[in-house]
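Student: I would like to work through this structure by question and answer. Please state the value or name asked for at the end of each answer.

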Number of protein chains: 2
Amino acid sequence: MGGDHAPQSVVEGASHSLDRYPLIRFQFYGDQAKLNPLIEKYPNLSGCSEVIHTDVAISSDEKPSVALRQGKNSSMRLAVEAVQQGRAHGVISAGNTGAYMAISKILLKTIPGIERPAIATLIPTEKSACVMLDLGANIQCDVDHLVQFAIMGNIYAKERLDLKSPKVGILNVGSEELKGNAIVQQAAQVLRKIPGVINFHGFVEGDDIMEGTVDVVVTDGFTGNVALKTMEGVAKVISNFLKQSYRRGVISRLGAILSLGALRRLRQRFDPRVHNGAIFIGLGGIAIKSHGGADAVAFANAIGVAAQMISHEFNQQIECDLKEVENLLTDDPAIS
Amino acid sequence: MGGDHAPQSVVEGASHSLDRYPLIRFQFYGDQAKLNPLIEKYPNLSGCSEVIHTDVAISSDEKPSVALRQGKNSSMRLAVEAVQQGRAHGVISAGNTGAYMAISKILLKTIPGIERPAIATLIPTEKSACVMLDLGANIQCDVDHLVQFAIMGNIYAKERLDLKSPKVGILNVGSEELKGNAIVQQAAQVLRKIPGVINFHGFVEGDDIMEGTVDVVVTDGFTGNVALKTMEGVAKVISNFLKQSYRRGVISRLGAILSLGALRRLRQRFDPRVHNGAIFIGLGGIAIKSHGGADAVAFANAIGVAAQMISHEFNQQIECDLKEVENLLTDDPAIS
């Protein structure tokens, strides 16, 4: 029931996602009076869909603490509970991010060895895409958190970008070793010690994110959130400006028509919908956050992320790397 | 002698700037063998230019601490000394930012009441432009620093954007009052108490910067630096992509020709050169930092910023507002 176009975009997105992942079965949590007629509209959903009715939905402006206390029977909480209780392999929501993270943390707990889950997503880059985390779950981060983000982001990049040894960078105000605060410097020191697990590139700067200098950009949730939204803002302003500019005069209009190919390619390449589906990484279950403004195509992509992560036993890989890093660091007297 | 195209861009930029500010007189600090022939090329510089020779120049990768110790006779230090000793009203450099800030802090000191100078610049927005600070001088900031940045940025926006009551925002991960860390929350509380001095809008997010939601974006140097470079990265990647995309096939090429107007307007509107010239705000003298990659046009803009700030008695206005805020906060028993 969450997001700007729910439940239409959710049900239609589920139908789309079956084209690529025909084995998925769906549980739709929410108002059955709205859901049932929608599901009937998409014949491929019949036989693989179940509706679990509830009247309660967490609104987009509800505080996480209130959602936790008062949202016991909400569609969001019931859906996360299904994962907790093993009745579902993963959950996808386009609703209130803070409430979704709070409920997921309480119910799904973290992977052993992970102190804080993070929000990770793919960002389109000049070359292809990179993983960036944290995007806002943790406003303040210490050294251990950043190292854990690097380990999780590394596995995520292997899976989503099909890379053997993703290049990992820490976001900073300069690429030189001495730049930045004590936390990023110490985190970099740790990552340099575990080359068998992490292919650490070093520090990267804001412009490196979209230039694709590294495959994984590690940062605290404050900086990551500001950087992500700043990117969205620039793309939106440039796109608005081109639209207006192309309307000025006959030549510009004709130019716009002949530029459709180039502009369409720009949109396809940097369309945020292509990479819709941020993962709450580090939780003991698969929870995917769709953008609130996602349409059906975008929501289908978020479902695809869940499907991919479930089938690849993603969390087990993170646990495995965490243990290896723990052993490596314990064996190294210079660190412990 | 600093920057990618020095001293050519510096001397040519000085010549350009005389068109708009005919009363400027120049002192060029650096290698006279390079400077003199260049100055002779621009007749309008004769009679208003002096060359102060030195062989020493601080390289772009010199550490600030080393530049401070070993750069006594460097062109950068001598130029800043001229401001310190009253032989110049302001200094402009395209050289090593860290060294330039360190030397300027030592020699020019801060305005009474300002603990830390910041780097401030204009950012192009959808509406016109906004002031953003700090862009990297202060990696960690406390509440007082952010409040002082707001006071300085407010005066800077009044001058540069010709506004009576600039809207001031603090960069955060959400616009709601409860978002973010304790430092941004407490800084916001202080700014809400001084409406006579600061027209405080509240928190803004990354996408608000370029959308022009506020006229002054206040942030710590870590976040500000990442946000600025992220913006530069997105603009560069989109521009590269359009260039390549327009080369594909005859129709795209024709479209590109007819789109020249629209694309030129895009460049003019969001060209970082237009707003070249970041100010080291809060120092006891005018020190302007040009982008290292600045050409003559861009360098002339940086000179223009210095000229404008000098003639408007900018620092006195900041001192005046600082005193007013101090009085307001001392009178308010709820704060002190």
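Student: What phi does B:Gly86 take just after α4(B)?

Tutor: This is a predicted model, in which local features need pLDDT of at least 70 and side-chain atom pairs count only at pLDDT 80 or more, while totals for chains, interfaces and linings use all residues. Residues are numbered from 1 along each chain as its sequence is written, chains are lettered from A and ligands numbered from 1 in the order in which they are written, and side-chain values use heavy atoms, with hydrogens and water left out. Helices (H or I, at least four residues) and strands (E, at least two) are DSSP runs, numbered from the N terminus. Just after α4(B), the phi of B:Gly86 is positive, at about 80°.

Student: How many of the 10 residues of helix α4 of chain B are buried?

Tutor: Buried means under 20% relative accessible area, exposed over 50%, and partly exposed in between (1.4 Å probe, protein chains only). The buried residues of α4(B) include B:Met76, B:Arg77, B:Leu78 and B:Glu81. They pack against β1, α3 (64–70), β3, α5 (97–108) and β10 of chain B, where contact means heavy atoms within 4.5 Å. Helix α4 (residues 75–84) of chain B is mostly covered, and the number of its buried residues is nine.

Student: Why are A:Glu81 and A:Arg77 separated by about one helical turn?

Tutor: The side chains of A:Arg77 and A:Glu81 meet in a salt bridge, N to O 3.5 Å; the term requires a side-chain nitrogen of Lys or Arg within 4 Å of a carboxyl oxygen of Asp or Glu. A:Glu81 is buried at a relative accessible area of 18%, and A:Arg77 is buried at 9%. An α-helix has 3.6 residues a turn, so residues three or four places apart point the same way. The separation of about one helical turn arises because A:Glu81 and A:Arg77, both in helix α4 (residues 75–84) of chain A, are four residues apart.

Student: Which residue of chain B forms a salt bridge with A:Glu205?

Tutor: The closest N and O atoms of this pair are 2.2 Å apart. The pair crosses between chains, starting from A:Glu205 in the loop between β7 (199–204) and α8 (206–211) of chain A and reaching helix α9 (residues 221–246) of chain B. Both partners are buried. The partner of A:Glu205 is B:Lys229.

Student: Is A:Lys236 buried or partly exposed?

Tutor: A salt bridge joins the side chains of A:Lys236 and B:Glu211, 3.2 Å from N to O. B:Glu211 lies in helix α8 (residues 206–211) of chain B and A:Lys236 in helix α9 (residues 221–246) of chain A, so this pair joins two chains. B:Glu211 is buried, with a relative accessible area of 17%. At a relative accessible area of 42%, A:Lys236 is partly exposed.

Student: How many salt bridges are there between chain A and chain B?

Tutor: The contact takes 51 residues from chain A and 51 residues from chain B. Buried area is the accessible area (1.4 Å probe) that two parts lose on being put together, summed over both; the two chains bury about 4600 Å² between them, 71% of it on carbon and sulfur atoms. Over all chains the structure holds six salt bridges. Between chain A and chain B the count is four.

Student: What is the relation between chain A and chain B?

Tutor: A turn of 180° and a shift of 0.0 Å along the axis lay chain A on chain B with an RMSD of 0.0 Å, copies being superposed by least squares on the C-alpha atoms of residues with pLDDT of at least 70 in both. That is the relation of a two-fold axis. The same surface serves both copies, and the share of the contact residues of chain A that recur in chain B is 100%. The relation asked for is therefore that of a two-fold axis.

Student: Which residue in β10(B) stands opposite B:Ile92?

Tutor: Strand β3 (residues 90–93) of chain B has a covered face, B:Val91 and B:Ser93, and an uncovered one, B:Gly90 and B:Ile92. Two strands pair if DSSP finds at least two bridges between them; four bridges join β3(B) to the parallel strand β10 (residues 286–289) of chain B. Opposite B:Ile92 stands B:Ile288.
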